[in-house]
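Reader: I have a structure to learn for class. Could you walk me through it?
Author: Certainly; please have it open in front of you.

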Number of protein chains: 2
Amino acid sequence: MPAHVQVVGGGVIGLACAWELARNGHEVTIVAPAPGRDGASRVAAGMLAPVTEAQFGESALTALLLEGSRLWPAFAAALEGAAGCAIGYDTTGTVTVALDASDRASLDDLLAYHHSLGLRAQRKSASACRALVPALSPAVRGGIEVPGDHQVDNRALLDALVQACRAAGVAFVEGTVSAVDPGPGPELVLADGRRLGPGLVVLAAGAGVPAIAGLEGAGLPTVRPVKGHILRLGPQGGPRAGSAPLLTRTVRGLVRGHSVYLVPRRDGSVVVGATVEERGGDTSVQAGAVHELLCDARAIVPGIDELELLEAAAGLRPATPDNSPRIGWTGTDGVVAAVGHYRNGILLAPLTAAAVVDLVGRRPLAPLIEALAPA
Amino acid sequence: MPAHVQVVGGGVIGLACAWELARNGHEVTIVAPAPGRDGASRVAAGMLAPVTEAQFGESALTALLLEGSRLWPAFAAALEGAAGCAIGYDTTGTVTVALDASDRASLDDLLAYHHSLGLRAQRKSASACRALVPALSPAVRGGIEVPGDHQVDNRALLDALVQACRAAGVAFVEGTVSAVDPGPGPELVLADGRRLGPGLVVLAAGAGVPAIAGLEGAGLPTVRPVKGHILRLGPQGGPRAGSAPLLTRTVRGLVRGHSVYLVPRRDGSVVVGATVEERGGDTSVQAGAVHELLCDARAIVPGIDELELLEAAAGLRPATPDNSPRIGWTGTDGVVAAVGHYRNGILLAPLTAAAVVDLVGRRPLAPLIEALAPA
């Protein structure tokens, strides 16, 4: 039975949920301050990286990320069709490199862990890495090739989702939700006093969740903001016909123990990220973080020195205590959670949206998803 | 006899000349694409530094810079009075520090040179430097205190000059001069086809001079653009009452052979500069230059890491082969040059403006100024 659903949040999770719900016949409203234009999704690199994001002790999360990755090709094709524009979905694969001997040892440990989980990743000599990525520094000590870690242009993705939502009849309300007024048909209270609803609520407000009142009984974990700085670099004077791009695949690096990544876009620009900082809700761009990113990135790809600094920005990843999202009906009547995606919001957007459609349709969930239900 | 004078250029030199000419009874028009809002003057730090800018082999230029500095207190007072706003003129003095032993040795050589010219500068131990500037890195090896090197807020200065010019009746024409049409009363040809004049011409177009046609017989030296990047940093979340500023005086540094400076403003912000790059007329902001500035600046003042990156920009200093400006009547009838100020445009603005008033009034010049006449 079609429902009226109010999606709180205009980042990649909120937009993907809204689009999928609308495609499945529901009547959907998105409520967010600036749908598709703010929040962590916009300040992301768009890596779809189940393998290179696999961390020791998080094998359940890794299984989820792999399942999320599996849904991407069909999701990308459907979205590009619905929106009528490209989203830069790119399956070239990723190389992770080590700068010094200690970084090389850490990378070898990680590779052994990847293999213990059955993940596809292959040790590469320094010269083999340079064959894949000619712009690598001669100092690089070798690395790992990961064919299954891909990328999407996160900003093109957000724009496409907004288009697709509009085409599917989703209504957009610009505003900040300050409270959920619970009940069998919960209402939303906006910061400016407006009330919306009643209707089911899908909570997809990222790092904004803790500021929403009325969710005391929802059983949500603490969601805390984890600040990340990124840089956007580009060829001097813009893209030029005939000149080769600096990079043609995503390069990640361990640089004296720091993680850094460089994600090339089709227009010749490169996204460099990302710091991981526990600093509360501040999104100012700090000199020290910009220095750290440039320092680590140029250590593995010195050619970035010649690129133009187009943008420096910071976003807030919504992190839970176990780094795993919560997707499911909450303890608050009529409220579905789609929160806490931390570093994996873009990768998990198709999976989350599909799960939310199943939840709203009261269909059974796969055990992998069922395990994400709020306590 | 009052003349009609057309000043080409809306940077600090053009504005200062226009204001002084108008104050002296001349009828003045400024022609520039965006007076006070573009060019090298806006992307400057505003150091007034005859001593710390004194280079080996440039003692004549140093004498000029000292004379330029001598005119500043009266110029600043008159300008603030005429414009009705403050320009951040600050005579606290400068400290130059050395990061490593080799930098310390270079600084000692420079200090001996300063003393040979009779300049005021005093060797300071590392702890004496830290007593003057508590935010200095513990790694700093000592330095030099230079009480006579001061600063002005270059953007406040430009705004004040525009105000003062308007108050004095200067006319502003927004446009780019593409040619001087010579003659006893030269005319200006603008890029959009407009013609201005006839009237005397004061050429103060900085790095834009080589693009102006009709000056073949002027006897001007080659003026080439020397790119400089600067950063503007500020306290996170803006200036806060009760919190102490990171710096209260200008700090210059030699950092493994690189020169860097940090100039604090009254609002708590800090200007960090500057690269010196021969790259033609490009003003894009490059990742490598931003890295270099941050790297060198944080080596001597680590606390900048916590500041917000407010702006990164690049400008083009107008340099002559001998680093000295040309001020005087050119070989082209009716055209006065005020060009080639390289790194010292702000410092030399009052001196240049006074000289131009004397030139237009056909009064005799001091030998120091006469030596700057175009060949």
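Reader: How are chain B and chain A related?
Author: A rotation of 180° with 0.0 Å of shift along its axis superposes chain B on chain A, with an RMSD of 0.0 Å; the fit is by least squares on the C-alpha atoms of residues with pLDDT of at least 70 in both copies. That is the relation of a two-fold axis. This is a predicted model, in which local features need pLDDT of at least 70 and side-chain atom pairs count only at pLDDT 80 or more, while totals for chains, interfaces and linings use all residues. Residues are numbered from 1 along each chain as its sequence is written, chains are lettered from A and ligands numbered from 1 in the order in which they are written, and side-chain values use heavy atoms, leaving out hydrogens and water.

Reader: Which residue of chain B comes closest to the rotation axis?
Author: B:His291 does, with its C-alpha at 3.0 Å.

Reader: And how many residues does the contact take from each chain?
Author: It takes 20 residues from chain B and 20 residues from chain A, where contact means heavy atoms within 4.5 Å. The area buried between the chains is about 1,700 Å², and carbon and sulfur atoms give 56% of it; buried area is the accessible area (1.4 Å probe) that two parts lose on being put together, summed over both. In chain B, B:Ala287, B:His291 and B:Leu309 lose the most area to chain A, together 30% of what that side buries.

Reader: New topic: what is the strand order in the open sheet of chain A?
Author: The six strands run β8-β2-β1-β12-β19-β18, with mixed pairing. Strands are DSSP runs of E with at least two residues, helices are runs of H or I with at least four, both numbered from the N terminus, and two strands pair if DSSP finds at least two bridges between them.

Reader: Why is one side of β8 and of β18 left without a neighbour?
Author: In chain A, β8 (171–174) and β18 (326–329) stand at the edges and each has a single partner strand, so one side of each lacks a neighbour in the sheet.

Reader: How do β1 and β2 of chain A pair?
Author: Strands β1 (residues 4–8) and β2 (residues 27–32) of chain A pair in the parallel sense over five bridges. The bridge partner of A:Val7 in β2(A) is A:Ile30.

Reader: In chain B, which strand do four bridges join to β18(B)?
Author: That is β19 (residues 335–339) of chain B, and the two run antiparallel. There, B:Trp329 has B:Val336 as its bridge partner in β19(B).
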